[in-house]
Amino acid sequence: MERLKITLTIADYRHCVALCLRGHSHASTINRAQVLLALHDGVDISEVMRVLRVKRTRLWRLRKQYLQGGLNDALADRRRRS
C-alpha cells in the first residue's frame, strides 16, 4: 500500500472542504480538491485512483503543484499546449 501524504494548511483544508460541499465549481476543480483532501488524510493511492478516477501520474503532479505553488496553483485549470 503506497501513500502520498501531504499536509494541507488549515485554511487550505477548509477551502477544499467548502469547494466539495458547495458543488458550485467546475467538476475538475472539485475533483482536485477531493484528491488533495484524500492525500492529506493519507488514503492509499490505489483507493484514491479507484474512487476518484484519476491516474497515478495525476496524483503525483497534483501533489507537486500543491507543494511548489500552493492551493491556487494546484486547483487551477491549466491550458494545454497546442
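Here is a friendly exchange about a predicted model.

Colleague: Good to see this one! How many disulfides does the structure hold?

Modeller: A disulfide needs two cysteine sulfur atoms within 2.5 Å. For Cys16, the nearest cysteine sulfur belongs to Cys20 and is 6.6 Å away, and Cys16 is in no disulfide. The number of disulfides in the structure is 0.

Colleague: And Cys20, why is its sulfur not bonded to the closest cysteine sulfur?

Modeller: The closest cysteine sulfur to that of Cys20 is in Cys16. The two are too far apart for a bond, because the separation is 6.6 Å.

Colleague: Is Cys16 buried or exposed?

Modeller: Under 20% relative accessible area counts as buried. Cys20, at 24%, is partly exposed. Cys16 has a relative accessible area of 0%, so Cys16 is buried.

Colleague: Let's turn to charges. Which residue forms a salt bridge with Arg50?

Modeller: Side chains of opposite charge can pair when their charged atoms come close. Searching the whole structure gives 1 salt bridge. In the pair with Arg50, the closest N and O atoms are 2.8 Å apart, and the cut-off is 4 Å. The partner of Arg50 is Glu47.

Colleague: Where do Arg50 and Glu47 lie?

Modeller: They are 3 residues apart, about one turn of the helix. Arg50 is exposed at 56% relative accessible area, while Glu47 is partly exposed at 34%. Both belong to helix α3, residues 45–52.

Colleague: Now the helix pair. Are α1 and α2 oblique or parallel to each other?

Modeller: The axes of α1 (residues 10–22) and α2 (residues 27–40) come within 9 Å and cross at roughly 135 degrees. Angles over 145 degrees would count as roughly antiparallel, and 65 to 115 as roughly perpendicular. The crossing angle therefore makes α1 and α2 oblique.

Colleague: Which residues of α1 make the contact with α2?

Modeller: The crossing of α1 past α2 is left-handed. On the α2 side, the contact involves Thr29, Ile30, Ala33, Gln34, Leu36, Leu37 and His40. On the α1 side, the residues are Tyr13, Cys16, Val17, Leu19 and Cys20.

Colleague: One last stop, then: which residues is Gln65 in contact with, leaving aside neighbours within four places in sequence?

Modeller: Gln65 lies in helix α4, residues 56–75. At 16% relative accessibility, Gln65 counts as buried. With those sequence neighbours left aside, the contacts of Gln65 are Arg58, Gly70, Asp73, Ala74 and Arg78.

Key: Residues are numbered from 1 along each chain as its sequence is written. This is a predicted model: local features need pLDDT of at least 70, side-chain atom pairs count only at pLDDT 80 or more; totals for chains, interfaces and linings use all residues. Side-chain values use heavy atoms; hydrogens and water are left out. Buried means under 20% relative accessible area, exposed over 50%, partly exposed in between (1.4 Å probe, protein chains only). A salt bridge is a side-chain nitrogen of Lys or Arg within 4 Å of a carboxyl oxygen of Asp or Glu. Helices (H or I, at least four residues) and strands (E, at least two) are DSSP runs, numbered from the N terminus. Axes are lines fitted to C-alpha atoms, for helices over the stretch in contact, and angles run from 0 to 180 degrees between N-to-C directions. Angles under 35 degrees count as roughly parallel, over 145 as roughly antiparallel, 65 to 115 as roughly perpendicular and the rest as oblique. A crossing is left-handed if the near helix is turned anticlockwise from the far one by less than a right angle, and right-handed if clockwise. Contact means heavy atoms within 4.5 Å.
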